[in-house]
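Visitor: Hello! Could you walk me through this structure, one question at a time?

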Amino acid sequence: MSKKTFKVPDMTCSNCAMKIESLEDDLDGVKEVNASYHRLEMVIEYDESKLTDEQIIEAVKKKGYQAIAA
């Protein structure tokens with residue numbers, strides 16, 4: 001398992017954070033997602049053999065947000 005932080009500069013409220021945390025249900029290989037709109041970032045714990053950074057960034061984009069590997 002890997003744990004990685006991504007900046008999410010366009011997150012503006014707790015609903016945004018909840019939307020991003022729903023990636024846990026959408027992506028195979030994700031163990032946990034913690035998003036903070038106060039810090040404008042998300043920390044994701046995932047199985048790197050099943051998921052790449054690019055796939056995570058693309059999944060965040062589909063939710064309507066920009067993710068930048070920190």
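**A friendly tour**

Guide: Gladly, and let us begin with lysine 63, which counts as buried because its relative accessibility is 19%, and the cut-off for buried is under 20%. Please keep in mind that this is a predicted model.

Visitor: Which residue forms a salt bridge with lysine 63?
Guide: Side chains of opposite charge can pair when their charged atoms come close. Here the closest N and O atoms are 2.5 Å apart. The pair links distant parts of the chain, with lysine 63 in the loop between α3 and β4 (68–69) and its partner in helix α2 (residues 23–26), 37 residues apart. The partner is aspartate 26.

Visitor: Is aspartate 26 buried or partly exposed?
Guide: Its relative accessible area is 47%. Buried would need a value under 20%, and exposed one over 50%. Aspartate 26 therefore counts as partly exposed.

Visitor: Which residue pairs with aspartate 53 in a salt bridge?
Guide: The closest N and O atoms of this pair are 2.4 Å apart. Aspartate 53 sits in helix α3, while the partner lies in strand β1 (residues 2–7), 49 residues away. With 24% relative accessibility, that partner is partly exposed. The residue is lysine 4.

Visitor: Which residues are joined into one network by salt bridges that share partners?
Guide: One of the salt bridges brings together the side chains of arginine 39 and glutamate 41, at 3.2 Å from N to O. Arginine 39 is exposed at 55% relative accessibility, whereas glutamate 41 is buried at 14%. Shared partners make a network of Lys7, Arg39 and Glu41.

Visitor: How many salt bridges does the structure hold?
Guide: We have met several already, including aspartate 53 with lysine 4 and aspartate 26 with lysine 63. The total for the structure is five.

Visitor: Which residues touch the most other members of the largest nonpolar core?
Guide: This core has 20 residues. At least two of them come from each of α1 (14–21), β2 (30–36), β3 (41–46) and α3 (53–62). Leucine 23 has contacts farther along the chain, among them Val30, Val33 and Met42, when residues up to four places away are not counted. The residues with the most core neighbours are Ile20, Leu23 and Met42.

Visitor: Is glutamate 45 buried or exposed?
Guide: Glutamate 45 belongs to strand β3. Beyond four places in sequence, its contacts include Met1, Ser2, Gly29 and Val30. Its relative accessibility is 16%, and the limit is under 20%, so glutamate 45 counts as buried.

Note on methods
Residues are numbered from 1 along each chain as its sequence is written. This is a predicted model: local features need pLDDT of at least 70, side-chain atom pairs count only at pLDDT 80 or more; totals for chains, interfaces and linings use all residues. Side-chain values use heavy atoms; hydrogens and water are left out. A nonpolar core is a set of buried Ala, Val, Leu, Ile, Met, Phe, Trp, Tyr and Cys residues joined through side-chain atoms within 4.5 Å. Buried means under 20% relative accessible area, exposed over 50%, partly exposed in between (1.4 Å probe, protein chains only). Helices (H or I, at least four residues) and strands (E, at least two) are DSSP runs, numbered from the N terminus. Contact means heavy atoms within 4.5 Å. A salt bridge is a side-chain nitrogen of Lys or Arg within 4 Å of a carboxyl oxygen of Asp or Glu.
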